[in-house]
Amino acid sequence: MFLKKNKKLSVLVIGALLASSSFWVAGCGSNQQAAQKQGQQVKVMQVIQQDTPLSSEYAGQIAGVEEVKVQSKVSGNVVEKYVQGGQYVEAGQPLYKIDSRQYESAVLAAQANLAQSQATLANAQTDLYRYESLLAGNAISEQTVTTQQANVNAYSAAADANAAQLQRAQEDLADTTIYAPISGQLSVDDVAVGTFAAAGNTTLVTMGAVNPVYAQFAVSETEYLKLMNEVKQQDGNEQTGGPVVTLTLADGSVYPQQGRIVSSDRALGNNTGTLTVKAVFDNPDGLLLPGMFARVKLSGAVQPNAMLVPQRAVQQLLGKTFVMVADADGKSEARTVTLGEKVGSYYIVKDGLSPEDLVVVEGLSNLQEGVPLSVTMVTADDMGFSLDEDTTKFDDSTVVSNE
């Protein structure tokens, strides 16, 4: 009896559930039909056509315009140090003193040798004058005068050699004091007093100019050709002087000084296939240090009448790039496009769109072609689009996978 009652109860419950589910399905179907009649909610924006500034960014590194390894021209122990590592020095400022005792002795010896050779030369010249007088009176042979003249020439050459040795000894003595070859900042790898410095081998300290500095970066062959084309175009414009070069530092801040391209390597690297380019920046406050990394941005070129679409409107499927537009019948239509440069929040579109097209920028999730649309017109300001940088937040999945 109990089992029969439970069976009847179960049948009633199942029937109630089926009835409720049929109502729910019917409700969903009616909602979907209403949505189809009303159209899928999307936001669209008209294609922008305007003169558009172009820019390119590269990974760069700061380098000193002048980097010098300070070495001694003479060998000896460092006996005095006039500076400290990290100090800024002026060109010609004393840095180190090498033990000068042996070089002082060399100067004294060279002076003595020169004095002796000069005295011998003076005696030989006196004898030559006397022999010439005797020859005039036929008191001696001409051969005696000729021989004496040869002696005078030899003694004169010896005196000149000793004079050169003295000059060399004096220069070595002067080189025991080492001066800053340029104005700049010393590194902290300076040697200590007592270090033996081998001539032309031991680096006492490294120093470099702090203002200006280079920002060094590498460009590919294609980018180089594009850059040269931009330079040529701007050289023909009197209001511009080549690409504007700016730096974005590691903390995201933009360096306040603008730079200019000053040099490039003579050939592409065999291993990398890239060309090294240098831009010079004023560095009055010493903020830029050699070895720092920064993003180098080149700008200034302008593409006239470029057509722009937001990056978030661009989709990719099976190797093709397309955007969804609202056609004249108010339905979604997929347009295959050819993209150009990325500029801030936008892509430049080379082919596939016209300035009158309305591009879907929001509501792209699961949007298929041929679907009726309920369109809301928006502007770039409404969506937060910018030519400077992409500040938009993606609410939709704008990249379709190949799965």
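Which strand supplies the largest share of the lining of the second largest pocket? Keep that one in mind while we walk through this predicted model.

## The largest pocket

Let's start with the largest pocket, which has a volume of about 570 Å³. Its lining is made up of 22 residues. If you want to find the centre on screen, look for S55, E57, K297, G344 and D388, the lining residues that lie nearest to it.

Several elements give two or more residues to this lining: the strands β2 (48-64), β12 (244-249), β15 (293-310) and β19 (338-343), along with the helix α4 (221-235). The top contributor is β2, with six residues. As for chemistry, the lining of the largest pocket splits into nine charged, seven nonpolar and six polar residues.

## The second largest pocket

Next comes the second largest pocket, with a volume of about 200 Å³. Here's who lines it: E67, Q185, L186, S187, the run T206, M207, G208, A209 and V210, and then L288, L289 and P290. By type, that lining holds seven nonpolar residues, four polar ones and one charged one.

Two strands, β8 (184-186) and β10 (203-208), each put at least two residues into the lining of this pocket. And that brings us back to the opening question: β10 supplies the largest share, three residues.

## The four-stranded sheet

Both of those strands turn up again in an open sheet of four strands, where the order is β3-β10-β8-β5 and the pairing is antiparallel. What sits at the edges of this sheet? That would be β3 (67-71) and β5 (88-89); each has a single partner strand, so one side of each is left without a neighbour in the sheet.

Zoom in on the β5 end and you'll see β5 running antiparallel to β8, with two bridges joining the pair. For a specific spot to look at, take V89, whose bridge partner in β8 is G184.

## A look at T321

One more residue to click on is T321, which you'll find in strand β17, covering residues 320-326. Is T321 buried or exposed? With a relative accessible area of 16%, T321 is buried, because the cut-off for that label is under 20%.

So who keeps T321 company? Setting aside neighbours within four places in sequence, T321 is in contact with V314, Q315 and Q316, and also with R335, T336, V337 and L339. One of these partners, L339, falls within the 338-343 stretch of β19, the strand already met in the lining of the largest pocket.

Methods:
Residues are numbered from 1 along each chain as its sequence is written. This is a predicted model: local features need pLDDT of at least 70, side-chain atom pairs count only at pLDDT 80 or more; totals for chains, interfaces and linings use all residues. Side-chain values use heavy atoms; hydrogens and water are left out. On a 1 Å grid over the protein atoms alone, a cavity is a set of points where a 1.4 Å probe fits but cannot get out, and a pocket is an open set with protein on both sides within 12 Å along at least five of seven lines; lining residues have an atom within 4 Å of a point. Grid points are joined across faces, edges and corners, and a volume is the space filled by probe spheres set on the points. Ala, Val, Leu, Ile, Met, Phe, Trp, Tyr, Cys and Pro count as nonpolar, Asp, Glu, Lys and Arg as charged, and the others, Gly among them, as polar. Two strands pair if DSSP finds at least two bridges between them. Buried means under 20% relative accessible area, exposed over 50%, partly exposed in between (1.4 Å probe, protein chains only). Contact means heavy atoms within 4.5 Å.
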